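Visitor: Could you take me through this one and tell me how each label is earned? I'd like the reasoning along with the words.

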Amino acid sequence: MAYFITDACTGCTVCAKLCPVCAVSGERGQRHVINEKRCVECGVCANACSQEGITDGEGRVLRKKSRAQWPKPVIKKEECSACQMCVHICTAGAISISLPDTRGSLNVFAEIREPKKCVGCGLCADACPLGIITMEVPAADVTKGGVSS
Amino acid sequence: MNLPLYAKIDLTTGKTESYPISEAYFRTYVGGKALAARLLLDLTPAGLDPFSSESTVIVNTGPLNGTGAPSTSRFNISSKNVLTGGIASSNCGGTFGVMLRRAGYEGLIITGKAEKPCRIDVTDGEIALLDATGLWGLDAEKTQEELPAHLGKLVIGPGGENLVSYAGLASGERMAGRCGIGAVFGSKNIKAVTAYGTRRIPVEKPEEFSRFVKKWVRFLKKHTMTGDSLPHYGSAGLVNKANASHALPTKNFQKGTYEFADDVSGETLAETRLTRNSGCVSCPIRCERRVMIGDKEVKGPEYETLGFFGPNMGAHDLDAIIRLNYVCDILGLDTISAAATIAFAMELNERGIKDFGVKFGDVSNLEEILNRIARREGECSELANGSKWLSEKYGGQDYAMHAKGLEMASYEPRRSVGMGLGYATSNRGGCHLGGGYMALLESVGVLSISPQDTRAKAEWTVFLQDALEAISTAGSCLFSGQTFVPQILFNLGPNHPITRFMGKAAVFTGPVVRLLLAMRPLLRFNTLLLMPHAEALRLVTGIPMYTGSFLDLGDRAYNAERLYNLREGLTGKDDALPRRLTDVPQDESKKNTVVRMDKLLPRYYKTRGWDKDGKPRQRTLKRLEMADLWQA
């Protein structure tokens, strides 16, 4: 079941810009629509919606989260084969394969090169064939957000 | 069982319809080039001009594409071959295949001809024909930059637009170079095919598969070829090895060694030009070279490109090769056929037969020549027709280095006679990969099965051709099959007495290989050491695929393509090499440095279960569950 945009939507375009699979469309100032065929239920739109105008597949209204509370991928780099499945699926362009320390070094791995671009969708974790990417809410920020561990 | 869904697109009428693949076809042909060959046999009449509106091109994937199994971004494009008139199949590691599957289709069957330049777009299971007039004329790189970044793309460059006989297709920086399918796209006015979607790619046994993938990746990382040699040096690492074995074509295959080979070797490339290695998406091998042209990082040349724009032209300018490789890619030209055709033109010039403005030892004007070829300007329009066409017009058939019309790759078969047999019998024409790549076991690998000896070569060629064909059909990269060579040989090294003994003894293994092929129904096991792809296929598709049935799949693909060739008028007589390779010893003092096709070919036909004219026997087709294709 795909996510859904309610009539609380003001057409601010934030969700459309952040959606990692380009599933949201709509004009500025108009209610936006989620393409249900495309939606992967990553929750990025809901995390970012200041109007809390997005419901999940079961119709629950989802709460906005501060950017610090968005989950971030953590990559076990020593197990990474640098196969680029995560790099390829990340439309935000946050992940790259690290550059070798010395010419010819094969010791490279996927890394979050542009953490600010990451929208916390988790598609990388889902795509990783080795299952070595986990989505975690940064610890320090959890405290800041007032959630006890 | 999740059956593949194809779409049929008629560009003339603009009609599209879904084309589900039956369970029987899925179980028998699986996907990729095997299924494409069968569909071409079913859906097209014999004798079509590849550029006619009725001709059909199939872009399809294998079941492993996009599943996350290692080295599985390779998708296939098949059609009628512009250069040979037989089957064309070309393979590419770009992201288009994975994206096509996510968009909802396993393959596209494209026929007809669009009135004006078009882009076929596949999004979330919907197919649209879009106008691409604004993209026409752009090179392959610029075309892709103009299209939205998130799409999977498959495009042609000016070479395809102008129907260059060896025009290829680009997906990202990856090329499906061979057989001129770019020109077939151009003839249909297809500038690009794009795909996007988020469909989950089906896997029958996800948990087992995930465990298997982890094991497979670890295995690839540990093996010397896939974990060390290819990542460090890429295929470019073969230049020095081929040169040492006299198997490096030099000056249009006049010789097999080149004194400055090291200047264009993988080692020199790695030490002086390489910025880093990279790879196709999903691949842990990462054989791709990254190099700089000015301040731009681009894909570096492969072994064949180094050999053909270097030694085979009597030249050794590494920077020029890097540049020419890039120029061919953005023009949408196959580097092998382009460079081989130019080398043939150089020999025509050397012999005073015809001067196209190219000569051995000088590659300084080739960028301009390639641009003129891609746009078919002036006399270069003749070079755009390939070496077979040139030799028919100007003579020189004896040294026009192609088989069936497709230019051979950069392995000198007179020092690798099994490779020679492979070139001659390969369904798409003179291709090292379609040919079984015996060079790896004869002259450029750790093992050296006496390169001049014809014994056992036919059997090994059949075995390897079938294996490579099946790997390709699965959607895997052929390099992932290199782990087939036992690791212990790399630990011992090529000069160790045991390795050398095995090379010598291997010429007596013909009957063993034939027995192995005969025992296929009994090979109901899978092992990482032999064909890991079979196990991956079993877990992904639910088809009971084992080592034996996997080899059968390759055999079936090989026979299907062969039947297509026979239907289009090719015969056993076309399983031949230019006389330079069969009649003129590479080394005058060693009379055996020729390819003895008279010895190799009959045994090859027999091992394949074909008659003396190279036609599959009825019982062979029956064994392969394709008796319905038999014609008396």
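**How the labels are earned**

Guide: In chain B, 70% of the contacts with a separation of 6 or more are between residues 24 or more positions apart. A contact here is two residues whose C-beta atoms, placed from the backbone, lie within 7 Å. One caution early on: this is a predicted model, where local features need pLDDT of at least 70 and side-chain atom pairs count only at pLDDT 80 or more, while totals for chains, interfaces and linings use all residues. Residues are numbered from 1 along each chain as its sequence is written, and chains are lettered from A and ligands numbered from 1 in the order in which they are written.

Visitor: What makes a residue of chain B count as buried, and what percentage do?

Guide: The cut-off is 20 or more other C-beta atoms within 10 Å of its own, with 12 or fewer called exposed and anything in between partly exposed; the C-beta atoms are placed from the backbone. Of the 632 residues of chain B, 62% count as buried. The C-alpha trace spans about 65 × 60 × 55 Å along its principal axes.

Visitor: How many helices and strands does chain B have, and what makes a run one or the other?

Guide: There are 27 helices and 17 strands in chain B. Both are DSSP runs numbered from the N terminus: H or I over at least four residues for a helix, E over at least two for a strand.

Visitor: How do you know that strand 14 and strand 15 of chain B pair?

Guide: Pairing needs at least two bridges found by DSSP. Strand 14 (residues 288–293) and strand 15 of chain B share four bridges in the antiparallel sense, so they qualify. Arg290(B), for instance, has Lys299(B) in strand 15 as its bridge partner.

Visitor: Why are strand 13 and strand 15 of chain B said to stand at the edges?

Guide: The open sheet has three strands in the order 13-14-15, with antiparallel pairing. Strand 13 (274–278) and strand 15 (296–299) of chain B each have a single partner strand, so one side of each lacks a neighbour in the sheet. From one strand to the next, the twist averages 35°.

Visitor: What is the orientation of helix 12 and helix 14 of chain B called, and why?

Guide: Helix 12 (residues 318–331) and helix 14 (residues 366–374) of chain B pack at about 10°, with axes 10 Å apart. Axes are lines fitted to C-alpha atoms, for helices over the stretch in contact, and angles run from 0 to 180 degrees between N-to-C directions. Under 35 degrees counts as roughly parallel, over 145 as roughly antiparallel, 65 to 115 as roughly perpendicular and the rest as oblique. These two helices of chain B are therefore roughly parallel. Among the residues that meet are Leu324(B) and Val327(B) from helix 12 and Leu370(B) from helix 14.

Visitor: Then why is the label for helix 17 and helix 19 of chain B "oblique"?

Guide: The axes of helix 17 (residues 417–425) and helix 19 (residues 457–474) of chain B cross at roughly 55° and come within 9 Å. That angle fits none of the named ranges, so helix 17 and helix 19 of chain B are oblique to each other. The residues in this contact include Leu421(B) from helix 17 and Trp460(B) from helix 19.

Visitor: Which residues are buried in helix 16 of chain B?

Guide: In helix 16 (residues 386–394) of chain B, Gly386(B), Ser387(B), Lys388(B) and Leu390(B) are buried. Their cover includes helix 13 (335–350) and strand 16 (402–403) of chain B.
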